[in-house]
Amino acid sequence: MAEAPTHLLERVLSQRVSLVLKDSRQLSGKLLGVDEHMNLVLDDADEKTSEVTRHLGRVVVRGSNVVFLNAPQGAAGKPT
Amino acid sequence: MAEAPTHLLERVLSQRVSLVLKDSRQLSGKLLGVDEHMNLVLDDADEKTSEVTRHLGRVVVRGSNVVFLNAPQGAAGKPT
Amino acid sequence: MAEAPTHLLERVLSQRVSLVLKDSRQLSGKLLGVDEHMNLVLDDADEKTSEVTRHLGRVVVRGSNVVFLNAPQGAAGKPT
Amino acid sequence: MAEAPTHLLERVLSQRVSLVLKDSRQLSGKLLGVDEHMNLVLDDADEKTSEVTRHLGRVVVRGSNVVFLNAPQGAAGKPT
Amino acid sequence: MAEAPTHLLERVLSQRVSLVLKDSRQLSGKLLGVDEHMNLVLDDADEKTSEVTRHLGRVVVRGSNVVFLNAPQGAAGKPT
Amino acid sequence: MAEAPTHLLERVLSQRVSLVLKDSRQLSGKLLGVDEHMNLVLDDADEKTSEVTRHLGRVVVRGSNVVFLNAPQGAAGKPT
Amino acid sequence: MAEAPTHLLERVLSQRVSLVLKDSRQLSGKLLGVDEHMNLVLDDADEKTSEVTRHLGRVVVRGSNVVFLNAPQGAAGKPT
């Protein structure tokens, strides 16, 4: 019943996720890709800081900045 | 009688744990998965900062942000 | 349908991208090159901080400073 | 007469140690386990910050947060 | 037409470049050498902080401090 | 006549050294052990911050926190 | 005519160099040794912060703290 972190990330591909980054930015978007460094591709992304919200479109997030990723709980996902 | 850190983490899978992160956030949730970088999957997670408490659901925490994990002491756990 | 982060970066080569760096600088420019550390080459780059905007020309960005890269959404790109 | 750092840590297993962490937290507890990253398992742990003292129970500390570990001087320890 | 970051650095050897470092220092000088960590050798270097400008002469910069390097745009460079 | 950093550390084993750490703490003690990460074992150690001086006894310092180590200049040392 | 960073460091062995560290300390001394992490051995070293200047004697500097090293420009050096 154990779920490897990278496996969960692959399971939520094509679903909408939220990210908290080290500089306190929050990003949300549809997860298009992930690799073993937790580098992520988000589509239709939005950024929220304590000051602004803005639409970004497609972004590549460097994994070293990620604190945690919030995935939809009931995520069925698709096997990769 | 020595207990390897990764072994203990596997022993408490499916139990509720608390995390202190480098940015002082505290997360708690049911531990669903872990890997050798201390990346963690939590289910039914809650976040507590000095300012807010909020329910997150399922999260993947990047291990590099973890200061320590607080596991239930009497944890019997299940062998993986 | 999954898109690897490095693959997306290669797909947007020769297109204009924006970068957010760890020290909050923002750079934009035409992406000329990228490697596995997310080191980037930008041409015709501009830098924007909270205080100044200045033209830089050609820059090499060390990947460890990158928070995220914002790529054009409809990017067709060229295969490398 | 030289003593390797990891060897000393193994020698003080099952003894009470104190830790100073990078965020200035101090933890103390009985050392149950250690690995080559200086990840540590403490039992019956207490946390002391400049503001609070609280009992934690069993914790796994990520080694990258450790500044130093204070071991009992006369520690006889048990060979592992 | 893609240009690898390390390749560009080798192409501008013996030309004058500017560096922005993580602590906001700016260095400029003639690029004499570079390696795969982005460690750099500059000759006839100048340092500019928000407070002072001073001549340094020959310096070795540890690559981990580099945010970005600004190379002359029309740089023809010499193959190494 | 060149002296490798790790070699010097081995040569001053069993002598008293001072350490400056990244968080500005200063530790001094008799150097009992060292490894390739500059993890150190000190015996009879003292800690000095801008605020307090306290006796620590035996400590294991994680090498990643070390800024520099000050060794006795005329150190004859013992070959290891 | 390119000069590898590590090669330059070896060429200035036994000469007096200055270091700027990440915590803004400045050290100067005669360079006795260097390794591939830019760990350095200085002899007859002095430390200069914004507040104090003090004589240190022989020091081992952990390379991860080095921002840059300032070498004598006309350094002839000795091959190692």
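**How chains C and A meet, and a buried aspartate in chain F**

Only 4% of the interface residues of chain C are also interface residues in chain A, so the two copies meet through different surfaces. This is a predicted model, and the relation between the two chains is a good place to start. Chain C can be superposed on chain A by a rotation of 51°, with 0.0 Å of shift along the axis and an RMSD of 0.0 Å.

Let's look at the contact itself. Chain C brings 23 residues to it and chain A brings 25 residues. Between them the two chains bury about 2,000 Å², with 55% of that area on carbon and sulfur atoms. On the polar side, eight residue pairs are in polar contact between chain C and chain A, counting pairs with both residues at pLDDT 80 or more. The rule finds one salt bridge across this interface: the side chains of A:Arg58 and C:Glu3 pair up, at 3.8 Å from N to O. On the side of chain C that touches chain A, α1 (5-11) and β5 (66-71) of chain C each supply at least two residues. The largest share of that side comes from β5(C), with six residues.

Now let's move over to chain F. Here F:Asp35 sits in the loop that runs between β2 (26-34) and β3 (40-48). What is the nearest side chain of opposite charge to this buried residue? It is G:Arg62, 7.6 Å away, and F:Asp35 has no salt bridge. Its side chain does have a polar atom 2.9 Å from the backbone nitrogen of F:His37.

Conventions: Residues numbered from 1 in each chain as written. Chains lettered and ligands numbered in written order. Predicted model: local features only at pLDDT ≥ 70, side-chain atom pairs only at ≥ 80, totals over all residues. Heavy atoms only, no water. Least-squares fit on C-alpha atoms with pLDDT ≥ 70 in both. Contact = heavy atoms within 4.5 Å. Helix = DSSP H or I, 4+ residues; strand = E, 2+ residues; numbered from the N terminus. Buried < 20%, exposed > 50% of the residue type's maximum accessible area, 1.4 Å probe, protein only. Lys, Arg positive; Asp, Glu negative; His and termini not counted. Salt bridge = Lys/Arg side-chain N within 4 Å of Asp/Glu carboxyl O. Polar contact = N/O pair within 3.5 Å; in protein donor to acceptor, adjacent residues only side chain to side chain. Buried area = accessible area lost by both parts, 1.4 Å probe.
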